[in-house]
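Please work through the exercises below with the sequence and the 3D structure at hand. Each task is followed by a solution in steps.

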Amino acid sequence: MANGGPVEHGYPHLETVRAAVTALYRRLSHDTVRTFAASVAPADVAFCDTDDLYLGAQRVARELVRHYRLPDARLVVSFREMPHAASVELAAGPEYFVELNDRFRTHRRDIGAALAHEVTHVYLHRLGLAFPGTRDNEVLTDTTTAYLGAGWLLLDAYREDAVSSQKLGYLTPEEFGYVLAKRALVFGEDPSVWFTSPQAYAAYTEGLALARRDGQQPPLTAAGWAGRRRYARDRRHAQDTRTVVTAPDTPYTFTADAPGPLRVSFPCPTCHQRIRVPVRGRVRARCALCRTVLECDT
C-alpha cells in the first residue's frame, strides 16, 4: 500500500500480467470466465461513514464472497496496525480471517477495494492456482481481481496529488487500467463510469490504449501500415532462410517445419495464448483457449 509515498507508474509487471490472464483462462475455462460478465456493482460495496465499521465490513465481504460464488466461505474481518493494506489467513476454511489496516477505520470507502484483493486470494487458493514467488503471485491476484470484475475498486482507490498519495495493490495504476480494459473489450463493459478518482480514470484511459494495441499487431488485419510493412519484410526473410525467425521487438515468430509450409505464431490479443497458423494470406483463426475469432493476413 502506497500511503503518502511515491506511486510506481508504467508497466513493469506487464509480462506477468499477461501470463496471469492466460493462466486464468486455462484454469477456469472460457465458459467459467464468461460467468463473471457483470462486475461488482458500486451500490453493493458502498460504505458510508455513518455505517457501523464491523457490520459494514462484514456486509461488503459477503457481497464479494457472493460475487466469487463462494457460498460456504465466511470472512471474519478485523482491524490492526500493519505495513500492508490487508492480509488473509489461507486455511482450509470455511472461515477465513482477514485483517485490514487501521487506516481503513477512517478511509471506509476503500474497504471494498482492500477486501476485493483478499477475497480473490481465497478464490485462487480454492482453485489451487498460484504463481511461484510472492511478487508474481500478488500480480496474479490483482490481475484476477480486475479481470473477474472486482478490480475497478482497487484502481478507484488510487489517488495522488502534490502533497499526498494512496494506491492499493501490487499493479501500477496503468497496469490496473490495462487489465480492466482487456476485460471491457471482452464483455463490452465500461468501468470508467464508476470511478470517483480522476487519477484512476486517467490510468484506465492509458491502459485502454495499450489493450487496443494488442489487437492491432500483425498478422492481425487490424494492424497498421508500418506494422504490416515490417511483417512483410520479416516474412520474406523467413521464406528465404526456412529457419526459425524471431524478429526483435515483435510479437510474432516464423517457423518452418520441413517439408511443411511456413507458419507464424503470435499471442491471442484476448488471452495471450500463442496461436500458430500457416503463412498463406488471409486466414481466420480461432483461439482454442478463449474462443476469440481472429482475422489474419499472414
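The exercises that follow concern a predicted model.

**Exercise 1. The sheet**

Determine the order of the strands in the open sheet and identify the edge strands.

Solution. The open sheet consists of three strands, arranged as β2-β4-β3, with mixed pairing. Pairing on one side only marks β2 (74–80) and β3 (86–88) as the edge strands. From one strand to the next, the twist averages 20 degrees. Three bridges join β3 to β4 (residues 95–101) in the antiparallel sense. V88 has V98 of β4 as its bridge partner. Helix α4 (residues 111–127) packs on this sheet and touches β2, β3 and β4, its direction making about 145 degrees with that of β4.

**Exercise 2. Helix α5**

Compare the expected span of helix α5 with the distance between its end C-alpha atoms, then decide whether the helix is enclosed or open.

Solution. Helix α5 covers residues 134–147, which makes 14 residues. The expected span is 1.5 Å times one less than the number of residues. This gives 20 Å, and the end C-alpha atoms are 20 Å apart, so the two values agree. For the second part, a residue counts as buried under 20% relative accessible area. Eleven of the 14 residues are buried, and α5 is therefore largely enclosed by the rest of the structure. Among the buried residues are N137, E138, D142 and Y147. The buried residues of α5 pack against α1 (14–28), α2 (30–34), α4, α6 (152–156) and α7 (173–187). After α5 comes G149, with a positive phi near 105 degrees.

**Exercise 3. Two aromatic pairs**

Classify the ring pairs Y25–Y147 and F36–Y123, and state which parts of the chain they link.

Solution. Planes over 60 degrees apart count as edge-to-face. The rings of Y25 and Y147 lie 5.8 Å centre to centre with 70 degrees between the planes, and the pair is edge-to-face. Y25 belongs to helix α1 and Y147 to helix α5, 122 residues apart. Both Y25 and Y147 are buried. For F36 and Y123, the centres are 6.1 Å apart and the planes stand at 70 degrees, so this pair is also edge-to-face. F36 is in the loop between α2 and α3 (53–67), whereas Y123 is in helix α4, so the pair ties together parts 87 residues apart in sequence. F36 is buried at a relative accessible area of 3%, and Y123 is buried at 7%. Ring pairs also bring Y68 into a cluster with F36 and Y123.

How values were computed
Residues are numbered from 1 along each chain as its sequence is written. This is a predicted model: local features need pLDDT of at least 70, side-chain atom pairs count only at pLDDT 80 or more; totals for chains, interfaces and linings use all residues. Side-chain values use heavy atoms; hydrogens and water are left out. Two strands pair if DSSP finds at least two bridges between them. Helices (H or I, at least four residues) and strands (E, at least two) are DSSP runs, numbered from the N terminus. Axes are lines fitted to C-alpha atoms, for helices over the stretch in contact, and angles run from 0 to 180 degrees between N-to-C directions. Contact means heavy atoms within 4.5 Å. Buried means under 20% relative accessible area, exposed over 50%, partly exposed in between (1.4 Å probe, protein chains only). Rings of Phe, Tyr and Trp (its six-membered ring) pair if their centres lie within 6.5 Å; planes under 30 degrees apart count as stacked, over 60 as edge-to-face and the rest as tilted.
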